[in-house]
Amino acid sequence: MNVLLSLAVVVTIAVASIYVVLTETRAAVDSASLAGEFSDAESFLKSLDNQIMEVQKEGPGSRRLFPFSVSGGYEVSDAEDSVIREMQSSPEFVQYQSSVLSENIVFVSGSQSSCFERDESGDGLNELVMENPYIKAVFRKTARASPLATIRTNETIISMQEKSGGNTVSFVNSSVLIDGNSTSSSGSGYTELLKTGSNKPFCTVRMFVNSTAGVYDVFYTLYSSSDFIVADVRNIR
């Protein structure tokens, strides 16, 4: 059986990052054609990234027209400020089950992440769960409401289990501080899974915090092949 992979190229507009994600599939793809398609997508997203960075440097009120022509479908994610491009490849094209950072490009392979809500603590309330073959991370669910509920960043990560040995890590202090200001670690806000389902290249929990010291988002991401979680603080204002 020929094992093939699908690739997703993502440029995150807010932080100018590009992701290349590979997931398992059985569709037949011509390698030479894929190489050209991949190169075209990467070139387009880099150009888009450059345009965004230039506008950002020019300050408030700046704008720019960016004419372009692309083939294939691109997905725009408002939650992550991202543009996603999916393709298909054999394992020889990019190393399977890898996560590689190169400048503003992240290459992520695999489709073994699952993102779902479930009562993990047995208290009758659902938690947010991100899981792959290596770890399972459980986050407190704080629903988006009006007015916003109280949120404490040190209570958001409930636990993380290392699955090969069955060891569970309980966090003593997972507070998020902006510029070392302790008042930024709590306030009002919510947590949410940006996508749910199985066989995903990655899962992301977003935590929105409105504190007396400022407003910001924290994105916790678990990649398909990672035994760790990436935490990214964005949109500080």
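Phe208 comes out as buried in this predicted model, because its relative accessibility is just 11%, below the 20% cut-off. Tyr190 is tucked away as well: with a relative accessibility of 6%, this residue also counts as buried. The rings of Tyr190 and Phe208 form a stacked aromatic pair, with 5.3 Å from centre to centre and 25 degrees between the planes. Planes under 30 degrees apart count as stacked, so the angle of 25 degrees puts Tyr190 and Phe208 in that class. Tyr190 belongs to strand S13 (residues 186-193) and Phe208 to strand S15 (residues 202-211), so the pair ties together parts of the chain that are 18 residues apart in sequence.

Another ring pair also involves strand S15. Here Phe202 and Tyr223 meet edge-to-face, at 5.9 Å centre to centre and with 70 degrees between the planes. Phe202 sits in strand S15 and Tyr223 in strand S16, 21 residues apart, and the pair links these distant parts of the chain. Phe202 and Tyr223 are both buried. In total, the count of aromatic pairs comes to 3.

What about the strands themselves? Strands S13, S15 and S16 are among the 5 that form an open sheet, in the order S10-S13-S15-S16-S17, with antiparallel pairing. The edges are taken by S10 (149-152) and S17 (230-234); each has a single partner strand, so one side of each is left without a neighbour in the sheet. On average, neighbouring strands of this sheet are turned by 35 degrees against each other, ignoring direction.

Moving to the S17 edge, strand S16 (residues 214-223) runs antiparallel to S17, and 5 bridges join the two. Along this pairing, Val218 stands opposite Val233 in S17. A charge and a ring also come together in the model: the charged end of Arg234 sits over the ring of Phe219, 4.2 Å from the ring centre.

Finally, there is the matter of cysteines. A disulfide is a covalent bond between the sulfur atoms of two cysteines. The structure has 1 of these, and it joins Cys115 to Cys203, with 2.0 Å from S to S. The link between Cys115 and Cys203 is left-handed, at -80 degrees about the S-S bond. Cys115 lies in strand S7 (residues 113-118), while Cys203 lies in strand S15, so the pair ties together parts that are 88 residues apart in sequence. Both cysteines, Cys115 and Cys203, are buried.

How values were computed:
Residues numbered from 1 in each chain as written. Predicted model: local features only at pLDDT ≥ 70, side-chain atom pairs only at ≥ 80, totals over all residues. Heavy atoms only, no water. Pairing = 2+ DSSP bridges. Helix = DSSP H or I, 4+ residues; strand = E, 2+ residues; numbered from the N terminus. Axes fitted to C-alpha atoms, helices over the stretch in contact; angles between N-to-C directions. Phe/Tyr/Trp six-rings, centres within 6.5 Å; stacked < 30°, edge-to-face > 60°. Buried < 20%, exposed > 50% of the residue type's maximum accessible area, 1.4 Å probe, protein only. Lys NZ or Arg CZ within 6 Å of the ring centre and 35° of its normal. Disulfide = S-S within 2.5 Å.
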